[in-house]
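The following exercises concern strand pairing, aromatic pairs and the nonpolar core. Each task is followed by a worked solution.

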Amino acid sequence: MKNLRLEQRDWVSFFDHVSRAHAACKVTIEVDSEIIGAQKEVENAVLHGLSYDPKGSAIAIRAGAVEHMIAHPASVGIAHTGTDLICMEVTGADKTRHLFTFLPPVHLPDLLPPASC
């Protein structure tokens, strides 16, 4: 498994691509902050979509009946195996960490480097 930090200029296209490629994927959303500690918001919920709004500086992920919002994200990192997205971690401006784990992994052949890289 390889880790990759995404540049902010790539967030819109990356999130749009994940939203189009997620076919029958489930996601677990975990939040870890100094105030509330580590908690699961949703586990193995059907992924409906993921987006980044650069004007409002917000990331939204829709899974099951939950819409998880992250205002003013500071960084986005992903873990992948070859062209399969395993998980994504978003750190907010307030240092809260949001972890999204995909099952099965989301296949993103157009965006991730091959496993041999």
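**Exercise 1.** In which strand is His-80 found? Determine also its burial and its polar contact.

*Solution.* The model is predicted, so local features need pLDDT of at least 70 and side-chain atom pairs count only at pLDDT 80 or more, while totals for chains, interfaces and linings use all residues. Residues are numbered from 1 along each chain as its sequence is written, and side-chain values use heavy atoms, with hydrogens and water left out.

Step 1. His-80 is found in strand S6, residues 73-81; strands (E, at least two residues) and helices (H or I, at least four) are DSSP runs numbered from the N terminus.

Step 2. With a relative accessible area of 2%, His-80 is buried (buried is under 20%, exposed over 50%, partly exposed in between; 1.4 Å probe, protein chains only).

Step 3. A polar atom of the His-80 side chain lies 2.8 Å from the backbone oxygen of Gly-82.

**Exercise 2.** Identify the strands that pair with S8.

*Solution.* Two strands pair if DSSP finds at least two bridges between them.

Step 1. S2 (residues 26-33) pairs with S8 (residues 97-107) in the antiparallel sense over seven bridges. Here Lys-26 stands opposite Leu-103.

Step 2. S7 (residues 84-92) also runs antiparallel to S8, joined by seven bridges; Val-90 has His-98 as its bridge partner.

Step 3. Four residues lie between S7 and S8 in their hairpin, and Lys-95 in the turn has a positive phi of about 75°.

**Exercise 3.** How many aromatic pairs are there? Classify each pair.

*Solution.* Rings of Phe, Tyr and Trp (its six-membered ring) pair if their centres lie within 6.5 Å; planes under 30 degrees apart count as stacked, over 60 as edge-to-face and the rest as tilted.

Step 1. The count comes to two.

Step 2. Trp-11 and Tyr-52 are edge-to-face, at 5.0 Å centre to centre and 85° between the planes. Trp-11 lies in helix H1 (residues 11-21) and Tyr-52 in strand S3 (residues 37-53), so the pair ties together parts that are 41 residues apart in sequence.

Step 3. The ring centres of Phe-14 and Phe-15 are 5.9 Å apart with planes at 70°, so this pair is edge-to-face.

**Exercise 4.** Describe the largest nonpolar core.

*Solution.* Such a core is a set of buried Ala, Val, Leu, Ile, Met, Phe, Trp, Tyr and Cys residues joined through side-chain atoms within 4.5 Å.

Step 1. The largest core has 26 residues; Phe-14, Phe-15, Met-88, Phe-100 and Phe-102 have the most contacts inside it.

Step 2. S3 gives the largest share of this core, five residues.

Technical notes: A polar contact is a pair of N or O atoms within 3.5 Å; within protein, one must be able to donate a hydrogen and the other to accept it, and residues adjacent in sequence count only if both atoms are side-chain atoms.
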